[in-house]
Amino acid sequence: MDKSFFIRNRSKLYETLEDQSLTILFAGEAAHQSADESYPFYPNRNFYYLTGITEPKVVFVAAKFGGKVTETLFIQRADPWMARWYGETITPNEAQDASGIEAVELLDTLDSFIRGQFDGRVYKHLYMDLEAKSWEFPAKPANKFAAKAAVTYPYLLIHNLYPVLSNFRVVKSPEEIELIRAAGKITAEGIKNVLSNAKAGMKEYELEAYFNFVLKSRGVTEFAFPTILASGYNGTVLHYSANTGTAADGSLVLLDLGAQYQYYNGDISYTFPVNGKFTPRQKTIYDIVLRCNEAVTKMVKPGVPFEDLNDFTIRFFTEELLNIGLISRPEELRKYYFHHVSHSLGLDTHDVGNYREIKLVPGEVITNEPGLYIPEESIGVRIEDDVLVTENGYEVLTKGLPRTTDEIESYMAENNKNVR
């Protein structure tokens with residue numbers, strides 16, 4: 001992503017800030033796992049959205065005073081010995097090139113820098129990204145800093161930037177859309193490789209390996225989320241991700257997976273018969289879900305309330321399941337359909353923002369993922385696409401996969417020697 005993207009995002013943020021304010025944001029750092037191991041590091045997505053920096057322990061400070069904004073990045077001091085073990089940390093020039101922020105200081109000067117900001121200036125506001133899901137949510141560096149600031153500078157009004165930045169991220173720029181499109185394309189290629197190598201009796205993790213190979217060979221180093229590759233009954237468990245079962249002959253395999261490309265995510269759900277042939281019952285359920293997917297896609301356009309998509313899905317599935325006798329009363333639908341049909345997609349797979357309470361607008365990218373789960377029949381079907389809201393309607397970003405039952409059977413017959 002070019003630094004101009006991050007410069008635009010910061011400029012948009014500054015327009016919302018009060019004068020006489022400090023903004024302090026943290027990239028975060030990897031959590032300790034065990035012994036000398038840490039979990040993988042992933043930059044705070046709001047921090048990345050504003051700076052383009054992907055390295056741990058970096059801090060961003062912006063001061064708005066007298067209508068003028070000054071920006072400073074604080075990076076780790078170079079340590080030649082640690083570089084021998086873990087590689088070089090980001091340099092000032094690299095930080096400038098990534099972010100477009102000219103002032104770069106060393107992290108160990110941050111405390112004195114902040115004290116200096118209050119020397120001769122009267123700040124009234126402190127803005128921070130204070131995401132917290134619950135009382136038990138682990139305290140992040142920003143939350144700890146805010147607590148300390150509230151004691152040290154009790155006259156400051158502390159503001160939470162998390163909802164502001166989250167809502168900025170709902171509408172994607174053209175650059176972001178292209179990265180999501182690329183992530184979806186790589187994800188689809190991985191799915192085709194699974195189809196081309198599937199056979200009855202394989203372990204779910206063996207099938208998963210064919211997806212992983214395509215991603216790694218395309219230079220993708222991270223997944224959008226832990227891959228769901230669920231066969232038979234496992235496909236009726238919404239977030240099953242153990243991937244240790246056996247795909248028995250005659251079973252369906254439900255995939256929910258995605259590549260992460262330059263920090264933007266693809267998210268596709270796909271269902272196919274491991275032996276290349278749907279049973280009549282599987283085909284009936286699959287066709288219901290596919291028709292729902294297609295109908296929901298056609299609803300997407302600016303001005304449609306986001307919740308209308310799920311309301312339609314509930315009505316559609318209720319009528320269809322009543323018709324085939326799977327349910328006898330509408331209230332029984334929740335046994336077989338119990339999630340939402342859509343979520344926003346971007347830097348996070350379940351992307352942030354207040355999109356559920358508003359109407360669709362151009363530039364949003366959402367998923368379309370109706371599903372039916374029938375545990376007593378070991379049938380789970382979910383079909384998911386990534387959809388861009390355009391000025392006049394929609395564009396499906398995850399095209400190119402065989403979707404109908406006939407297309408899937410034909411594709412597997414042509415490309416998979418195990419099902420011929």
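Where does Asn243 lie? The legends below take that up along with other close-ups of this predicted model.

**View A. Asn243 sits in a loop between two strands.** Here is the answer to the opening question: look in the loop that runs between strand 10 and strand 11. Asn243 is not a glycine, yet its phi is positive, at about 55 degrees. For background, most residues other than glycine have a negative phi. Asn243 is also buried, because its relative accessible area of 2% falls under the 20% cut-off.

**View B. Gln20 is another non-glycine residue with a positive phi.** Its phi is about 55 degrees. To find Gln20, follow the loop between helix 1 (3–14) and strand 1. Is Gln20 buried or partly exposed? With a relative accessible area of 21%, Gln20 counts as partly exposed, since buried would require a value under 20%.

**View C. Three strands form an open sheet.** Reading across the sheet, the order is 10-11-14, and the pairing is antiparallel. Which strands are at the edges? They are strand 10 (228–231) and strand 14 (268–273), each of which pairs on one side only. From one strand to the next, the twist averages 10 degrees.

**View D. Strand 10 and strand 11 are joined by bridges.** This close-up stays with the sheet and turns to one strand pair. Strand 11 covers residues 252–257, and 4 bridges join it to strand 10. The two strands run antiparallel. A handy place to start is Ala230, which stands opposite Leu254 in strand 11. The loop that holds Asn243 lies between these strands, so this view goes well with View A.

**View E. The structure holds 1 cavity of 30 Å³ or more.** Rolling a probe the size of a water molecule over the atoms shows where empty space is left. The largest cavity has a volume of about 40 Å³. How many charged residues are in its lining? There are none, and no polar ones either: by class, the lining has 9 nonpolar residues.

**View F. Residues from several parts of the chain line the largest cavity.** Leu22 and Ile24 belong to the lining, as do Ile114, Phe118 and Leu126. Phe145, Ala149, Tyr153 and Leu156 complete the list. Which elements each supply at least two residues of this lining? They are strand 1 (21–26) and helix 6 (141–152). If you have just come from View B, strand 1 will be familiar: the loop with Gln20 lies between helix 1 and that strand.

Methods
Residues are numbered from 1 along each chain as its sequence is written. This is a predicted model: local features need pLDDT of at least 70, side-chain atom pairs count only at pLDDT 80 or more; totals for chains, interfaces and linings use all residues. Side-chain values use heavy atoms; hydrogens and water are left out. On a 1 Å grid over the protein atoms alone, a cavity is a set of points where a 1.4 Å probe fits but cannot get out, and a pocket is an open set with protein on both sides within 12 Å along at least five of seven lines; lining residues have an atom within 4 Å of a point. Grid points are joined across faces, edges and corners, and a volume is the space filled by probe spheres set on the points. Helices (H or I, at least four residues) and strands (E, at least two) are DSSP runs, numbered from the N terminus. Ala, Val, Leu, Ile, Met, Phe, Trp, Tyr, Cys and Pro count as nonpolar, Asp, Glu, Lys and Arg as charged, and the others, Gly among them, as polar. Two strands pair if DSSP finds at least two bridges between them. Axes are lines fitted to C-alpha atoms, for helices over the stretch in contact, and angles run from 0 to 180 degrees between N-to-C directions. Buried means under 20% relative accessible area, exposed over 50%, partly exposed in between (1.4 Å probe, protein chains only).
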